[in-house]
Amino acid sequence: MPGFLLAIETSCDETAVAVCERNGQIVVSEVASQIELHAPYGGVVPELASRNHNLDLRPLIQKTLDKAGVSIEQILAVAATSGPGLASSLLVGDTTAKAIALGLGKPFVSINHMEGHLLSPFIGSPHGVRQNVSLIVSGGHTLLILVKDVGEYQLLGTTKDDAAGEAFDKVGKMLDLPYPGGPEIDKRSQSGDPGFYDFPRSMMDSGDYDFSFSGLKTSAYYLLGKLPSPIPESTIDDICASFQAAVVEVLVEKLFSAAEKYDANLVTVSGGVSCNSGLRQAVEDKSKDCGIPAILAGTGYSTDNAAMIAYAAAMRLEAGFPPSSLNADIDPNLALA
Ligand code: KG4
Ligand code: ZN
């Protein structure tokens with residue numbers, strides 16, 4: 001009888017459920033986004049997020065199983081994100097997954113959300129997870145990781161202050177763009193001039209693999225103070241394009257220089273900001289220049305989703321890692337490496 005894994009992701013503001021085969025092939029991945037709910041507040045409201053995970057999760061599990069044509073008896077293991085994230089949100093997915101696993105008498109697998117992002121570029125890859133230098137860029141994290149194998153990760157660098165996605169969202173807010181700022185800035189950049197303003201490329205020459213994005217906020221703040229109000233729409237496009245170019249340049253330079261230093265013949269990029277069209281183009285261009293292949297997380301697997309949690313659980317079980325204890329707690333600050 002074929003067996004499947006059921007995975008739940010509720011670390012922040014997306015309620016997500018996925019079913020995959022035991023080899024990690026995704027069968028169905030469903031996401032119930034709460035973006036519209038949080039938009040009036042300009043950011044995620046934890047209480048609203050957890051309340052809505054509670055409302056949405058059970059019907060979403062049923063919908064995912066139905067779409068997959070998989071019955072609950074065919075589930076071999078149940079996975080959930082155990083951190084990092086919002087405690088009250090993590091608890092909903094974690095306890096639901098544990099309850100299902102307990103009820104079925106099947107293993108429970110707790111997954112680090114960042115490991116989900118980290119391995120997501122390999123979803124659907126015929127070769128499985130390979131050694132690579134990985135850039136994870138999300139709303140809460142900016143990490144450069146040397147991936148030696150599944151579960152063997154070495155942290156090369158991280159942000160000293162704001163995460164890349166956080167910088168996009170904060171500058172978007174300053175420009176009065178709809179929430180979240182990242183996709184809006186991306187959209188507006190398409191018609192803007194990246195050379196309009198020279199935003200700082202912080203820590204570009206620091207000689208390490210750390211990042212700093214908080215200076216961009218300050219720089220944007222002073223720039224906006226100098227412009228006439230209201231700022232013409234075309235100037236907003238130019239600011240977006242200039243800001244995006246600065247973030248992308250630092251990310252891409254550090255990613256490829258780390259790959260060269262650590263002799264990796266593959267780079268991967270994942271997390272919500274990996275949707276960014278400027279970043280995707282720059283990674284592809286640099287990959288061609290240096291001859292280092294790049295795999296970017298696929299559509300549907302960049303922003304938060306449960307397919308990446310299902311895939312990470314499948315890869316961990318395949319690599320021989322034991323299932324998790326039902327007593328394992330969530331950890332809002334869970335580290336990856
Ligand atoms: O990975 P994710 O869904 O959630 C976290 O784990 O944080 O990432 C969300 C982040 C937000 O900051 C959002 O603005 C950003 O990803 N993002 C983008 C784009 N799409 C989403 N940033 C830049 N360009 C985009 N197209
Ligand atoms: Zn995420």
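In this predicted model, Asp176 turns up in the loop between helix 5 and helix 6. Its backbone is a bit of an oddity: Asp176 is not a glycine, yet its phi is positive, at about 60°. The loop between helix 5 and helix 6 also holds Pro180, and here the peptide bond from Tyr179 to Pro180 is cis, with omega near -10°. Both features go against the usual run of things, since most residues other than glycine have a negative phi and most peptide bonds are trans.

Another cis peptide bond links Ser229 to Pro230, this one with an omega of about -5°. Pro230 is again a loop residue, placed between helix 7 (214–226) and helix 8 (233–261).

The helices on either side of the Asp176 loop, helix 5 and helix 6, come up again around the ligand. Helix 5 (164–174) and helix 6 (181–189) each give at least two residues to the shell around ligand 1, and so does helix 4 (113–119). Looked at by domain, the shell takes at least three residues from domain 1 (4–121 + 302–318) and at least three from domain 2 (127–296). As for its make-up, the shell has twelve polar residues, along with five nonpolar and three charged ones. There are 20 residues around ligand 1, and those that come nearest are Gly139, Asp169, Asp186, Asn276 and Asp304.

Ligand 1 itself sits in the largest pocket. Several polar contacts can be picked out there. Asn276, one of the residues that come nearest, has a polar side-chain atom 3.0 Å from a nitrogen atom of ligand 1. On the oxygen side, the side chain of His117 places an N or O atom 3.2 Å from an oxygen atom of ligand 1. Gly165 makes its approach through the backbone, with a polar atom 3.2 Å from an oxygen atom of ligand 1. Taken alone, ligand 1 would expose 550 Å², and the protein buries 87% of that area.

Methods: Residues are numbered from 1 along each chain as its sequence is written. Chains are lettered from A and ligands numbered from 1 in the order in which they are written. This is a predicted model: local features need pLDDT of at least 70, side-chain atom pairs count only at pLDDT 80 or more; totals for chains, interfaces and linings use all residues. Side-chain values use heavy atoms; hydrogens and water are left out. A residue is near a molecule or strand if one of its heavy atoms lies within 4 Å of it. A polar contact is a pair of N or O atoms within 3.5 Å; within protein, one must be able to donate a hydrogen and the other to accept it, and residues adjacent in sequence count only if both atoms are side-chain atoms. Accessible areas come from the Shrake-Rupley method with a 1.4 Å probe; for residues, only the protein chains shown count as cover. On a 1 Å grid over the protein atoms alone, a cavity is a set of points where a 1.4 Å probe fits but cannot get out, and a pocket is an open set with protein on both sides within 12 Å along at least five of seven lines; lining residues have an atom within 4 Å of a point. A molecule sits in a cavity or pocket if more than half of its atoms lie within 2 Å of its grid points. Helices (H or I, at least four residues) and strands (E, at least two) are DSSP runs, numbered from the N terminus. Ala, Val, Leu, Ile, Met, Phe, Trp, Tyr, Cys and Pro count as nonpolar, Asp, Glu, Lys and Arg as charged, and the others, Gly among them, as polar. Domain bounds come from an automatic or database domain assignment.
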